[in-house]
Each structure stands twice: as structure tokens, then as C-alpha cells.
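Open the model in your viewer and keep the selection tool at hand. Each stop below names what to pick and what is there.

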Amino acid sequence: MNDPLQQLIEAIKVGNRKIAATATQTALDSGSSGKEVLGALSEGMDDVGKRFKANEIFVPEVLVAARAMKKSMELLEPILVKSGIKPEHTLVIGTVKGDLHDIGKNLVAMMMKGANFNVIDLGTNLPAQTILDAAIEHKADLVGLSALLTTTMPAMRETVALMNKEPHPFKIIVGGAPITQDFADDIGADGFAIDAASTVELARTLVTSS
Amino acid sequence: MTSKERVEAVIRHEKPDRMPIYGWVRYNMKDKIDERFGSVEAFEDHYAFDLAHLFGGPDAYFIGDEYTRKKEAGEEIEPPDVLNLPLNNPEEDKDFDNLRAEIKHHKEVRSRFVYVQTPGLFEQLNTVFGIENHLCYLLEYPDEIKEIYRRQAEWNRKFAGKCLDLGVDMIHVSDDWGSQKSLLFSPDIWWDMIYPGQKLVADYVKGRGGHISLHSDGDINLVVDGIKKIGYDVVHPWQESAGMSYEDFLKNHSDSFSIMSGYDIQTTLGFGRLDDVRSAAERVVRLFGNGGLIFCTTHFVQDHCSIDELVFAYDTICELTRT
Ligand code: B12
């Protein structure tokens with residue numbers, strides 16, 4: 001396998017940081033465009049997301065894939081900036097107030113980066129106002145809220161309510177272990193996804209429909 | 001039957017005189033319980049809880065200067081760093097003073113079945129690495145992780161031995177492996193890395209005539225065969241809301257181990273729906289009338305549960321099992 005782009009895809013799929021970095025460099029040195037390298041990253045992460053959704057791989061495999069993607073992005077980013085290639089859409093994401101669980105939210109953030117969204121990850125335990133302020137500041141197209149606890153589902157409801165008080169240009173998506181489509185509908189969110197790969201599908205649909 | 005005999009009957013797969021009862025009520029509900037009952041101990045006495053769930057003993061790791069420096073500088077603690085960290089003495093007598101007093105009280109005064117919680121291999125190292133890094137290291141540093149787990153299992157074995165010396169009935173290994181939809185890591189990793197050390201501790205405890213139990217949240221269906229092979233006597237919880245069905249347990253696993261479960265705190269207890277609470281209790285009593293279950297909550301009762309609902313829940317289970 002001599003094609004560095006193909007090597008990059010494989011390196012992402014198996015989460016090999018070193019090979020991801022060298023393949024990225026080789027691809028760029030041998031004339032691949034930033035866009036092509038980005039495409040390879042997305043293809044690798046897309047495959048990872050699908051296998052995770054199908055329970056063929058588990059959280060560690062997704063995490064190492066995302067770390068390999070990050071290594072590649074460090075080399076790629078300056079090239080993208082130079083050639084004016086920017087993600088079309090921005091997701092602001094975080095875990096709601098009172099909740100410290102972040103593995104699921106991080107996986108979602110990683111898969112969304114892999115799908116070429118600009119992702120602003122605000123972290124955990126976030127007051128509603130902080131999330132709203134960040135959504136406005138970063139001109140978000142999507143706001144993602146995560147909650148893993150039944151105790152913090154009310155905070156998710158309050159956050160959505162605060163955002164929906166005034167008209168806003170972004171769509172709100174929610175998820176986390178106790179969250180269901182019914183709950184998402186009930187609190188006025190625009191979408192719910194059961195896992196990280198489904199989030200990418202949902203996000204694509206929502207940004208194209210708006 | 002005394003409480004201890006009742007729990008042991010369930011563990012031996014025999015029918016107890018009545019279902020043993022327990023609940024993880026202290027963590028979030030302490031203030032509300034104190035106000036209504038005077039203390040959590042008074043609540044436990046009021047409902048004649050059959051078990052005592054104790055914590056204590058030494059911490060495994062001696063956190064040295066280099067570790068602290070790295071943590072403070074926000075640097076990753078990697079497996080080779082941990083191989084250089086010394087472990088504390090798991091049998092240091094003075095570290096067991098609190099446990100000793102509690103064991104004496106619950107056994108001698110209340111005749112309860114006493115279990116001590118101790119972190120398993122995964123949970124113990126989450127504290128050191130952070131869970132997300134730890135999950136990556138399972139793939140990135142397999143040899144080092146195996147060595148760290150080997151040392152840890154030996155430590156856990158000695159800790160368990162000391163607890164058994166003090167009269168503890170069951171060692172409760174807390175080691176969350178599940179998430180809402182599946183395992184956190186692959187079954188292959190589990191068999192290769194987690195299984196050997198947990199088996200070592202279980203064999204030792206059982207060889208000394210003690211009992212051993214597992215706490216793992218979430219969906220652990222993919223490693224139930226391994227859980228049987230390790231020989232756990234009891235598994236807590238059996239999180240139905242995460243795909244662990246009681247019917248499946250009764251059909252396929254109840255000859256091998258018993259479960260500690262009952263009120264699901266993710267879906268049932270704490271939502272102000274008293275009819276659901278009652279139905280859950282009735283179903284459990286119907287399904288486990290012949291044994292197989294130690295009644296408990298699936299985790300800490302969450303603070304959205306009112307004291308009235310908690311009292312209703314325990315009044316109900318007592319009414320259904322004791323009259
Ligand atoms: C790991 C874990 C922890 C770790 C968290 C570490 C971390 N950095 O995140 C620790 C040990 C710290 C922890 C602490 C606690 N935990 Co906890 N924890 C879990 C556990 C075992 C797994 C969660 C997990 O990481 N899953 C793996 C990820 C990949 O899955 P996920 O989070 O569901 O995410 C996926 C989807 O939900 C979705 N998704 C997630 N977020 C989003 C966001 C958007 C926008 C979208 C679209 C999708 C989406 O995509 C993700 C990827 O596919 C669950 C068990 C369970 N049944 O889930 C309990 C669980 C969530 N914890 C529970 C509890 C009670 C607690 C504590 C309160 C206990 C305590 N007092 O010590 C504390 C709470 C601390 C706090 N204030 O937050 C309970 C909650 C019960 C309830 N009533 O809600 C659970 C369900 C366990 C149980 N037996 O009941 N916990």
C-alpha cells in the first residue's frame with residue numbers, strides 16, 4: 001500500500017498516531033491537497049463511527065482513532081488555513097450543569113470533527129448561560145448538549161428553554177445515556193441521537209435542512 | 001434465619017425465608033433520611049436491612065512527588081510512570097481500624113451479612129490515569145497495563161485476605177465495565193487483561209471460604225460467561241435499563257450466580273411515579289420468589305427522590321416480602 005492517503009485512512013481506522021502523522025506528511029509532500037487529506041481523515045473516521053455503532057469496536061478503538069486524527073490535523077491545519085479551507089458548519093457542545101460525565105460527549109465531538117465540523121467543546125458542568133453565550137459568540141449552527149444523569153436532565157431542559165426563549169439561528173441536539181427521543185421532543189430540542197455515528201448523520205440532515 | 005443466613009441461602013441458590021433487603025441510600029439521601037429517621041443507621045434498622053456495605057482500608061497507591069508534579073503540570077500519567085509508583089502495604093493494621101469497628105457492630109449487634117467494597121483492576125487505575133487515557137492505554141500499552149494489573153491483583157488479593165481475617169463475609173469488587181449500550185471495552189481486552197487478575201482474587205477469596213461479588217454498571221452481557229468462569233457469587237446491579245433483563249438472568253445464569261438489584265434508579269425510583277415503584281417491587285417479588293436475588297437499588301438513590309417516595313419504596317418491598 002504505497003498511496004499515502006490510503007495509508008492515512010488505514011492508520012485512522014486502527015488508531016495508529018505515528019503512521020497517521022507520517023502518512024499525512026508524505027501525502028502533503030507528494031502533492032495531495034489539504035482537501036484530499038481531509039477527505040481521507042473523514043473516510044477513516046466514518047468507518048470507525050459505523051463499526052462503533054454496530055458494536056464491532058468499542059470506546060478505546062474510537063479514542064485512539066480520534067487521537068490519530070488529531071495528530072494528522074496538527075500537520076494539516078496550517079495548510080488548510082493557508083488555502084482558506086474552513087469547515088462549513090460549527091457545533092458548540094458540552095455537558096450540562098451538574099454533570100461531569102464526558103466520555104460520550106467527547107466521542108461525539110471527535111466524530112463531528114472527523115466529519116469536518118468546526119467543534120467548540122466547552123467541557124462539562126456548564127451553566128445554561130455559558131452554553132448560550134458560546135453558541136452566539138461562535139456563530140454555531142448546532143448546539144449539542146449531553147447529560148448522563150437523571151439528576152441533570154432538568155438542567156438540560158432549562159438550557160434548551162433558555163435558548164428557545166429568543167429566536168436563534170442554531171439547531172439544538174441532545175444525547176446521553178438516559179435521554180430519549182420523547183424527552184428531546186418534550187424539552188423542545190431539534191434532534192436526538194443514540195450514539196456518535198448517528199449524531200453525524202443527524203447533524204448533516206439538520207444543517208442541510210436549515 | 002438471621003440476616004447473614006438469609007443472604008447466604010441466596011448465594012447457595014436456596015430459597016431464603018424471605019427476600020434479603022438492602023439499598024444504596026446513604027450517598028445522596030443522607031440529609032433527608034437524617035431529618036425523618038434521625039440517621040441512616042436508624043433507617044437501616046427500621047427496615048431491618050440484611051446487609052452492611054462497608055468501605056475502608058488503605059489506598060493502593062503511594063502518590064509520590066513525580067506523580068504529583070506531572071498531575072499538577074497537566075501532563076499525562078502514562079503506564080511506565082505507574083510501574084515506578086510504589087504500592088502501599090495492603091495489610092497495614094492501623095488502616096483497618098474503622099472497618100474493624102464497623103464489622104464488629106454490624107455482625108455482632110445486627111447479625112448482618114457484611115461486604116466490603118474495593119476497586120477492581122479497571123476502576124483502581126482510572127483514578128491514577130483518568131478513565132479516557134486509561135481506555136486508550138489498554139490498546140497502546142498492553143504489556144505495561146498487564147504488568148500493572150498483575151501487581152494490582154496481587155495487592156487486591158492481600159487486601160481481601162486482610163478483610164477476611166477481620167470477619168468480612170464478601171469482597172465486593174467495584175469495576176464498571178458497561179455503558180448504556182454495550183461494554184466500555186471489547187470482550188477480547190476483557191479476557192486478556194481484566195479476567196486473569198479478577199480470577200486470581202476470586203479463587204483466593206473462595207478458597208478461604210469467603211464470598212466474592214462484582215459491581216459493574218451498564219450492559220455487561222458480552223462478558224457474562226467470563227463472570228461465571230471467575231466464579232462471582234453475586235453481581236450488582238443487573239441494570240435492566242441498560243439491557244440486562246431479569247428474565248434472561250433467570251433463564252440462563254441464575255444457577256451460576258445471584259444478583260443484587262431491584263429498584264432501577266435510572267428509570268423507576270425517584271421520579272414521583274409511585275405506581276411504577278410498586279409495580280417494580282411486585283414484579284421482582286414475583287420473579288424471584290424462590291431466591292436468586294438480594295433486593296437493592298441499582299446504584300445510589302439520586303437526589304431527585306423525595307423522602308416520601310423512598311419510604312414508600314421500602315414500605316412496599318417490606319410489605320410484599322415480610323407479610
Ligand atoms: C463511566 C461512568 C462514570 C465515570 C465518568 C467518567 C467520565 N469522565 O465521563 C465516573 C466514575 C466519574 C462517574 C460518576 C458518577 N456516576 Co456514572 N457512570 C458511568 C458509566 C459506567 C458509563 C458512562 C459512559 O462513559 N459511557 C460510555 C459513553 C461512550 O456512552 P454515553 O455517555 O452514553 O454516550 C453515547 C451516547 O449516549 C451519545 N451521546 C452522549 N452525549 C451526547 C450528546 C449529544 C449532543 C448527542 C447527540 C449524543 C450524545 O453518544 C455517545 C457515544 O456513542 C454509566 C453506566 C451507564 N449505564 O451508562 C454510569 C452512570 C451514568 N453513572 C451514574 C451515577 C449515579 C454516577 C454518580 C452520580 C455516582 C457517584 N455519586 O459517584 C457520579 C456522578 C458525577 C457527576 N456529577 O457527574 C448512573 C446514573 C443513574 C441515573 N439515575 O442517572 C449510571 C447510569 C450508572 C448506574 N448504574 O445507574 N460515572
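The tour starts where the chains meet, then moves to rings, charged pairs and backbone.

**Stop 1: the interface**

This is a predicted model. Color the two chains separately, then select the residues of each that touch the other. On chain B, 23 residues are in contact with 21 residues of chain A. Together the two chains bury about 1,800 Å². Carbon and sulfur atoms make up 61% of that area.

Now look for charges. How many salt bridges does the rule find across the interface of chain B and chain A? There are three. For one of them, select A:R17 and B:E140 and show their side chains. The N to O distance in this salt bridge is 2.9 Å. Polar contacts also join the chains, with six residue pairs counted between chain B and chain A, both residues at pLDDT 80 or more.

Next, select helix α8 of chain B, residues 131-140. This helix gives the most to the side of chain B that touches chain A, with seven residues. Color that side by class: eleven residues are nonpolar, seven polar and five charged.

**Stop 2: aromatic rings**

Show the rings of Phe, Tyr and Trp. Over all chains, the search finds 27 aromatic pairs. Select B:Y47 and B:Y314. Their ring centres are 5.7 Å apart, and the planes make an angle of 50 degrees, so the pair counts as tilted, between the limits of 30 and 60 degrees. What does this pair tie together? B:Y47 lies in the loop between α3 (40-46) and β1 (51-54) of chain B, while B:Y314 belongs to helix α14 (residues 307-322) of chain B. The two are 267 residues apart in sequence, so the ring pair ties together separate parts of the chain. Are B:Y47 and B:Y314 buried or exposed? Both are buried.

Move to B:W191 and B:Y195, another tilted pair. Here the centres are 4.9 Å apart and the planes 40 degrees. Both residues sit in helix α10 (residues 187-207) of chain B. They are four residues apart, so about one helical turn separates them. Toggle the surface to compare the partners. B:W191 is partly exposed, at 32% relative accessibility. B:Y195 has a relative accessible area of 13%, under the 20% cut-off, and so counts as buried.

Finish with a group selection: B:Y22, B:F37, B:F43, B:Y47, B:F49, B:Y115, B:Y263, B:F295 and B:Y314. Ring pairs link these residues into a cluster.

**Stop 3: salt bridges within the chains**

The structure holds 37 salt bridges over all chains. Begin in chain A, with A:K13 and A:E10. Their closest N and O atoms are 3.6 Å apart. Both lie in helix α1 (residues 4-14) of chain A, three residues apart, or about one turn of the helix. Both partners are partly exposed: A:K13 at 25% relative accessibility, A:E10 at 27%.

Switch to chain B and pick B:E8 and B:K4. The closest N and O atoms of this salt bridge are 3.0 Å apart. Both residues belong to helix α1 (residues 3-11) of chain B, four residues apart. B:E8 is buried, with a relative accessible area of 17%, whereas B:K4 is partly exposed at 26%.

Now select B:D308 and B:R36, where N and O are 2.6 Å apart. This salt bridge links distant parts of the chain, 272 residues apart. B:D308 is in helix α14 of chain B and B:R36 in helix α2 (residues 26-37) of chain B. B:D308 is partly exposed at 49%, and B:R36 is partly exposed at 43%.

Add B:K107 and B:D169 to B:K4 and B:E8. Salt bridges with shared partners join these four residues into one network.

**Stop 4: the backbone**

Most residues other than glycine have a negative phi, and most peptide bonds are trans. Three places are worth a look with that in mind.

- B:H236 and B:P237 are joined by a cis peptide bond, with omega about -15 degrees. B:P237 is in the loop between β5 (234-236) and α12 (246-252) of chain B.
- A:N55 has a positive phi, near 60 degrees. This residue is in the loop between α3 (34-53) and α4 (59-82) of chain A, and is partly exposed at 34%.
- A:N116 has a positive phi, near 70 degrees. Find A:N116 in the loop between α5 (103-114) and β2 (118-121) of chain A. A:N116 is partly exposed, at 30% relative accessibility.

Methods: Residues numbered from 1 in each chain as written. Chains lettered and ligands numbered in written order. Heavy atoms only, no water. Contact = heavy atoms within 4.5 Å. Buried area = accessible area lost by both parts, 1.4 Å probe. Polar contact = N/O pair within 3.5 Å; in protein donor to acceptor, adjacent residues only side chain to side chain. Nonpolar A, V, L, I, M, F, W, Y, C, P; charged D, E, K, R; others polar. Phe/Tyr/Trp six-rings, centres within 6.5 Å; stacked < 30°, edge-to-face > 60°. Buried < 20%, exposed > 50% of the residue type's maximum accessible area, 1.4 Å probe, protein only.
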